[in-house]
Amino acid sequence: MLKRTHTCGELRKSHIDETIILNGWVKKRRDLGNLIFIDLRDRYGVTQVIVDPSNYPDAHNSAKNIGREFVVAVEGKVSSRGEKINSDMPTGEIELLATKLEILNPSKTPPFPLDDDEETDDTRLTYRYLDLRRPHLQNAIQVRHKMALAARNHLDSQGFIEIETPILAKSTPEGARDYLVPSRVHPGKFYALPQSPQLLKQLLMVAGTDKYFQICRCFRDEDLRADRQPEFTQIDLEMSFADQEDIFKITEGFVTASLEAAGIEVEAPFTKITYKDAMEKYGSDKPDLRFDLQFVDISKFVANTNFNAFKSTLESGGIIKAVRAPNGTVLSRKQIDKLGDIARTSEAKGLLTVKYLPESKKQSPLTKFLTKEQWENIDTATCAVEGDILLIIADKHSVAHSALGNVRNELGQMLNLINKEEFSILWVTDFPLFAYDENEQRWTSEHHPFTSPHPDDIHLIESEPGNVRSCSYDLIMNGFETASGSVRIHDSELQKRIFALLNLSDSEINERFGFFINALKYGAPPHAGLAIGLDRLAMLALNRSSLRDVIAFPKTQKATDLMTEAPTGVDEVQLKELELKIAICEEK
C-alpha cells in the first residue's frame with residue numbers, strides 16, 4: 001500500500017515539485033480520453049489529481065476502473081495550475097500529476113449524493129457512515145470537538161477537575177422516564193441510565209471535591225423533536241461555596257471559549273432577565289431576543305369600555321396584552337388567520353387585530369368601542385404607526401402571555417425580523433420553585449427537588465408555595481434553552497420540607513433519596529451548578545435546524561437507530577439469564 005505523506009486538504013503552492021502520496025475517496029472522476037481528472041477527498045479537503053496515459057499508462061489503466069467513493073492511493077508530483085486556479089478550493093492553486101495509482105477498495109454506488117447540504121433523512125440515517133462523509137457533517141463533527149475541547153480546557157484552567165460518574169445508577173426520576181437496565185446478578189432489580197449526574201455531583205461537593213465537571217452522556221426516555229435525542233451529551237459542572245453569580249461567571253467563560261472555537265464572538269457578561277419579566281414581556285421563559293417585540297399591557301386604557309371580551313376578562317381578573325407587528329399590514333389574510341389559529345391552539349379565546357391604515361385610520365372590530373383618548377393612549381404605549389398591525393389577546397394572565405408569546409415567535413418568522421447572523425444569549429432567573437399539577441392535585445418541582453428556594457421566600461413554602469421563587473437559572477440562546485442550573489439545597493431539614501410539600505412519604509424519601517439526605521448531614525457545603533447541552537450548543541453555533549446534524553450516530557424521532565436497527569428483540573437465553581419474560585400490554 002502507498003501510505004499517505006500528506007492529506008487531501010494540505011497541499012499549497014509551497015509543495016510544488018514535491019513527490020507526495022495521498023490516500024482518500026474518489027469524490028468525482030472525469031474521463032477526457034487522454035486525461036483522467038480525479039477529485040480526491042478526505043476529511044481535510046479535496047485535491048485534484050490528473051492521470052496522463054502518455055507517461056504513466058499503469059496509473060491510467062487503474063484510473064479507468066475507479067468510480068465514486070472508491071478508496072485509492074495516489075503517488076505523484078505536485079504541480080501548479082497556472083491560470084486555472086479554483087478559488088473555491090483551498091488546494092485550488094495546485095494539482096497532483098499521478099505517477100502511481102492503487103485501488104485500496106472499490107465501492108458500490110452510494111444511494112444518495114455525498115456532496116450536498118440536504119437535511120438528513122431516513123435513507124441517509126440508514127447509511128449514516130456514508131452520510132457522515134458529506135463535508136458539512138464532517139465540519140459539524142469537527143467543530144463540535146473543538147467546542148468541547150475549549151470548554152474542557154477553560155474549566156481545567158479555573159481549577160475544575162473532570163470526574164466520571166456511573167452510567168449504571170439508581171432510578172431517581174427527574175421528570176422524564178428512565179431507561180432501565182435489568183441486573184443479572186440481582187434478579188428482579190434494575191439499574192437506571194442517568195438522566196443527569198445530579199445527586200452524584202452534589203455528593204462530590206459533600207466529599208470536598210470543590211470544583212467538578214464532566215462531559216457526560218445522559219439518557220431520557222421521552223418523546224423526541226428536532227432539538228432532543230434519547231441520549232445526549234452535556235457539559236456538567238458543580239462548585240462548592242458558590243452562588244448564582246459565581247456559576248454565571250464560570251459558565252460565561254467556557255461558553256464564550258466554546259463559541260469562539262466555532263468562529264462566533266460573543267460578549268460577557270450576558271443579559272439577565274427574571275422569569276416574571278420574560279413571561280410578561282415576551283410570553284416565554286426562553287425568549288428569542290434577536291428581535292425585540294415586547295408586549296404592552298393595555299388593560300388600564302380599556303378599563304371602561306363596553307367591549308364584552310375586554311370587560312369580562314378584566315372583571316374576572318384577567319389581562320389585555322398587545323404586541324406590535326412593524327409593517328404588519330403586508331401580512332396576507334391567510335397569514336393573519338394562521339396567527340389566530342396559533343393563539344387559539346395556545347388556549348386563548350381569540351386574537352384581535354388592529355390595522356393602522358393611511359390618514360390615521362384603523363381597521364378593527366374595536367373602532368366603535370374605544371374613544372379617541374383610549375386610542376391615543378394605546379398608540380403611544382405601543383408605538384404603533386401607519387403600516388403596523390396591533391395583535392391583542394384578552395385572557396387570564398398565563399394564557400394571554402403564552403399565547404401571545406407563540407404569536408410573537410411566528411411574527412418573527414413571517415416578517416423576517418430575526419437576524420440570523422446575530423447570536424442572542426441571556427440568563428433567565430428566579431423561576432417558580434413549584435408548579436401545581438392539576439391532574440395529580442399536588443405540587444411538583446418546576447426544576448428538580450434539590451433546587452434551593454429564594455432566601456426571601458423560604459417562609460412561604462408551606463403557606464404560599466405558588467409564590468416561592470427558586471434560585472434557578474436557564475441560559476437561553478436564540479430562543480432555545482441551552483443550559484439549566486441552580487443553587488442547591490445543602491441543609492437536610494430544608495430538603496425534607498421540600499419533599500414534604502411534594503407529598504413524598506417518609507418511606508418514599510428514604511427509598512429514593514435516603515443516601516442523599518444522610519450525606520447532607522455530614523457537613524455539606526453550600527454549592528451550585530449547571531449543565532449545558534453540548535449537542536444543542538453545537539447545533540446553534542453551526543446554525544443547523546436539527547441535533548442530527550451535530551451527532552455522529554443520532555436516533556430518529558421514534559428513538560430508533562435505522563443503521564443498526566436498534567432497539568431489537570433479544571433471544572430467550574438472554575432473557576432467561578436475566579430471569580425476565582416479555583409481556584406486551586394492550587391498551588384498553
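Exposed here means over 50% relative accessible area, and buried means under 20%. All views come from a predicted model.

**View 1. Asp 17 has a positive phi before the first strand shown here, S1 (19-31).** Asp 17 is not a glycine, yet its phi is near 80 degrees. The residue sits in the segment before strand S1. Its relative accessible area is 55%, so Asp 17 counts as exposed.

**View 2. Glu 69 also has a positive phi.** Phi of Glu 69 is near 70 degrees, again in a residue other than glycine. Glu 69 belongs to the loop between helix H1 (57-64) and strand S4 (71-80). Is Glu 69 buried or exposed? Its relative accessibility is 4%, so Glu 69 counts as buried.

**View 3. Four acidic residues form a patch of negative charge on the surface.** The members are Asp 117, Glu 118, Asp 121 and Asp 122. Glu 118 is placed in the loop that runs between strand S5 (94-105) and helix H2 (122-126).

**View 4. Salt bridges link Asp 116, Arg 124, Arg 128, Asp 131 and Arg 134 in a network.** Side chains of opposite charge can pair when their charged atoms come close. One pair in this view is Asp 131 with Arg 128, at 2.7 Å from N to O. Both residues lie in helix H3 (residues 128-131). They are 3 residues apart, about one turn of the helix. Asp 131 and Arg 128 are both buried.

**View 5. Arg 152 and Glu 162 form a salt bridge.** The closest N and O atoms are 2.8 Å apart. Arg 152 is in helix H4 (residues 135-157), and Glu 162 is in strand S6. The two residues are 10 residues apart, and the pair links distant parts of the chain. Arg 152 has 29% relative accessibility, so it counts as partly exposed. Glu 162 has a relative accessible area of 36% and is partly exposed.

**View 6. Lys 276 and Glu 280 pair within helix H7 (residues 275-282).** Their side chains meet in a salt bridge of 3.1 Å, N to O. The spacing is 4 residues, about one turn of the helix. Lys 276 counts as exposed, at 52% relative accessibility. Glu 280 is partly exposed, with a relative accessible area of 31%. For the whole structure, the search finds 32 salt bridges.

**View 7. Ile 167, Leu 168 and Tyr 191 make a nonpolar surface patch.** Together the three residues have about 250 Å² of accessible area. Tyr 191 is located in strand S8 (residues 190-193). Its relative accessibility is 31%, so Tyr 191 counts as partly exposed.

**View 8. Eight strands build an open sheet with mixed pairing.** The strand order is S6-S9-S10-S22-S21-S20-S17-S11. Which strands stand at the edges? They are S6 (161-162) and S11. Each has a single partner strand, so one side of each is left without a neighbour in the sheet.

**View 9. Strand S17 pairs with S11 and with S20.** S11 (residues 271-274) and S17 run parallel and are joined by 4 bridges. Ile 273 stands opposite Val 428 in S17. Thr 274 stands opposite Thr 429 in S17. S17 and S20 (residues 472-477) run antiparallel, with 5 bridges between them. Here Ile 425 stands opposite Met 477 in S20.

**View 10. Strand S17 (residues 425-429) is covered on both faces.** Why is S17 described as largely enclosed by the rest of the structure? Of its 5 residues, 5 are buried, so the rest of the structure largely encloses the strand. One side carries Ile 425, Trp 427 and Thr 429, and the other carries Leu 426 and Val 428.

**View 11. Cis peptide bonds precede Pro 269 and Pro 567.** The bond joining Ala 268 and Pro 269 has omega of about 0 degrees. Pro 269 is in the loop between helix H6 (244-261) and S11. The bond from Ala 566 to Pro 567 is cis, with omega near 0 degrees. Pro 567 is in the loop between helix H14 (534-541) and helix H15 (572-578).

Methods. Residues numbered from 1 in each chain as written. Heavy atoms only, no water. Patch = residues over 30% accessible without salt bridge, like charges linked within 9 Å, V, L, I, M, F, W, Y side chains within 5 Å. Areas by Shrake-Rupley, 256 points an atom, 1.4 Å probe, with all protein chains shown as cover. Lys, Arg positive; Asp, Glu negative; His and termini not counted. Charge placed at Lys NZ, Arg CZ, Asp CG, Glu CD. Buried < 20%, exposed > 50% of the residue type's maximum accessible area, 1.4 Å probe, protein only. Pairing = 2+ DSSP bridges.
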